[in-house]
Amino acid sequence: MEHSFLDKYSNLDSLIHRLDPRVKIISFLVYIIFVVLTLPHNLFRFVAYLTVIFMLILLSKVPLGYILKRSCIIIPFVLLIAVFIPFFKEGEVAGGYSFGTLRLTVTYSGLWILWNVSIKSWLAVLAMITLSSTTRFPEVLKGFERLYVPKVLIMVLSFMYRYIFVLIDESMRMERARRSRYFGGEHFRQLKVFANMIGLLFIRTYERGERVYQSMAARGFNGEILTLSHPTLRRNDVLFLVIFLASLVMIKIGRV
Amino acid sequence: MHIPDGFLDLKTWVTLGAVSAGLVGYALKRSSRKLGEKHIPLLGVMAAFIFAAQMLNFPVAGGTSGHFMGGVLAAVLLGPSAGLLVMATVLIVQCLVFQDGGLTALGANVFNMGVIGAMLGYYIYVALNRVMRGNPRVLFICSFVAGWLSIVLAASACAVELAISGTVPLGVALPAMAGVHSLIGIGEGLITALVLGFVFKLRPDLLDIEKI
């Protein structure tokens, strides 16, 4: 089984790792909302938010290179926006190109939009990567549960998380079997083999779901979720939350 | 199609977040009423199934590969509410663990791929089924069209949301997104249709389970 490709580095030990998941969820959610609501012209604030998140990453001991590499996930969407920038016609023209009769112009307002989405999505994705690489997913779920997200949804999510590994292993086995027996062929036929794999995976999954339910029912499951742990916030958690939120508010109201 | 944070403005992500949260809550209530406590493991493994199926890449022309969304597939197999819940679960995990799609944009992503991609796709499938009753290839054609439309409509919704937020110009982005995804949607439609055909051949009883 491959376990490490999900929430890598979440089992390290650091100040950030040890925080209560509730504290981390609230902190990062507020951080992302603050970032998203910042006006694009406020360069100082973006620099400040960037400093904050880099400080957290340093504290968390997660390799910076890993986080930066993973943050590339937003690039396709930024490129998508970039493609449409020349079509914003309003505002002062920053430059233009002519292709024969077609003339593309780039306006300053268009460039501001591109800057706006790039910096915000990058800061937000850095925050999310830091959250997921400092908190194991079951812990994240526990945090959400204690923040009053419906328990049923939490249960479904934790089931999914548990079986992702099993099903990915199963689909990889099927993919290996396909590759070792099948040597290409025309396009539609290839697609059909692929679809049969997914169909088979569905049938196996459905049957697995039935078995899982039966064994749960046999052990007395009646839809209620019982937990033993009753976590309390420690001094460090409260301290972190207060300092973090205070620094966000300072950035928000501060002027240069 | 997973919108990151920062691409939508306040009114758009708050509205879509509220709409999606309401619909997911409704679907949760509906599925637990219909299935009792059994729906928890079923929805969980089905979400893992869609997740695993999305990880299998199929070859597209020119050496590139794509993966499918699976909204219509999940909804046709399990029903519209369960389809929405499965897609929402997949999107939450993709957002929290893989940063695929932003946290503030989660509501918008659930709306595009769960509400439009799965729920609406299901009703399109059912409506087509009613119109084409009696045709021997009804399963293939209906699921192909529903799968194709679900991708095109989800991409269009994505373009409209970005345009309302002032991130892209509507007049150019909508036709471009719909156009590109009408090609991508062919793969989705074909796979949805072929998978359902395969399940129908092997286990026709599974297509008759109660839809929730």
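This report walks through the fold, surface, cysteines and salt bridges of a predicted model, with most attention on chain A.

**Overall layout**

Let's start with the broad picture. The domain assignment splits chain A into domain 1, made of residues 15-136 + 231-253, and domain 2, covering 151-218. Between the C-alpha centres of these two domains of chain A there is a separation of 35 Å. In secondary structure, chain A has ten helices and two strands. Reading from the N terminus, the order in chain A is α-α-α-α-α-β-β-α-α-α-α-α.

Chain A has 256 residues, and 46% of them are buried. If you take the contacts in chain A between residues at least 6 apart in sequence, 74% join residues at least 24 apart.

One buried position shows such packing at the level of a single residue. A:S27 sits in helix α2 of chain A, which spans residues 21-36. With a relative accessibility of 1%, A:S27 counts as buried. Once neighbours within four places in sequence are set aside, the contacts of A:S27 are with A:F240, A:L241 and A:F244.

**The surface**

Now to the outside. Chain A exposes about 13900 Å², and carbon and sulfur atoms supply 64% of that area. Which residues make the nonpolar surface patch of about 370 Å²? The patch is formed by A:L43, A:Y108, A:L111 and A:W112. Helix α6 of chain A, residues 108-134, gives the largest share of the patch, with three residues. A:Y108 belongs to helix α6 of chain A, and its relative accessible area of 42% makes A:Y108 partly exposed.

**Cysteines**

How many disulfides does a search of the whole structure find? The count over all chains is zero. A:C72 shows why for its own case: the closest cysteine sulfur belongs to B:C95 and is 18 Å away from that of A:C72, so the two are too far apart for a bond. A:C72 is partly exposed at 40% relative accessibility. B:C142, in contrast, is buried, with a relative accessible area of 0%.

**Salt bridges**

Side chains of opposite charge can pair when their charged atoms come close. Across all chains, the search of the whole structure finds eleven salt bridges. The table gives some of those in chain A.

| Acidic residue | Basic residue | Closest N and O atoms |
|---|---|---|
| A:D20 | A:R22 | 3.2 Å |
| A:E170 | A:R204 | 3.0 Å |
| A:D237 | A:R234 | 3.6 Å |

The burial of these partners is worth a look. A:D20 and A:R22 are both buried. A:D237 is buried at 1% relative accessibility, whereas its partner A:R234 is partly exposed at 44%. Salt bridges with shared partners also link A:E170, A:R204 and A:R208 into one network.

Where do A:E170 and A:R204 lie in chain A? A:E170 is in helix α8, residues 151-181, and A:R204 is in helix α9, residues 187-218, so this pair ties together parts that are 34 residues apart in sequence. A:E170 has a relative accessible area of 7% and is buried, while A:R204, at 36%, is partly exposed.

How values were computed: Residues are numbered from 1 along each chain as its sequence is written. Chains are lettered from A and ligands numbered from 1 in the order in which they are written. This is a predicted model: local features need pLDDT of at least 70, side-chain atom pairs count only at pLDDT 80 or more; totals for chains, interfaces and linings use all residues. Side-chain values use heavy atoms; hydrogens and water are left out. Domain bounds come from an automatic or database domain assignment. Helices (H or I, at least four residues) and strands (E, at least two) are DSSP runs, numbered from the N terminus. Buried means under 20% relative accessible area, exposed over 50%, partly exposed in between (1.4 Å probe, protein chains only). Contact means heavy atoms within 4.5 Å. Accessible areas come from the Shrake-Rupley method with a 1.4 Å probe; for residues, only the protein chains shown count as cover. Patches are made of residues with over 30% relative accessible area and no salt bridge: like charges are joined within 9 Å, nonpolar side chains (Val, Leu, Ile, Met, Phe, Trp, Tyr) within 5 Å. A salt bridge is a side-chain nitrogen of Lys or Arg within 4 Å of a carboxyl oxygen of Asp or Glu. A disulfide is a pair of cysteine sulfur atoms within 2.5 Å.
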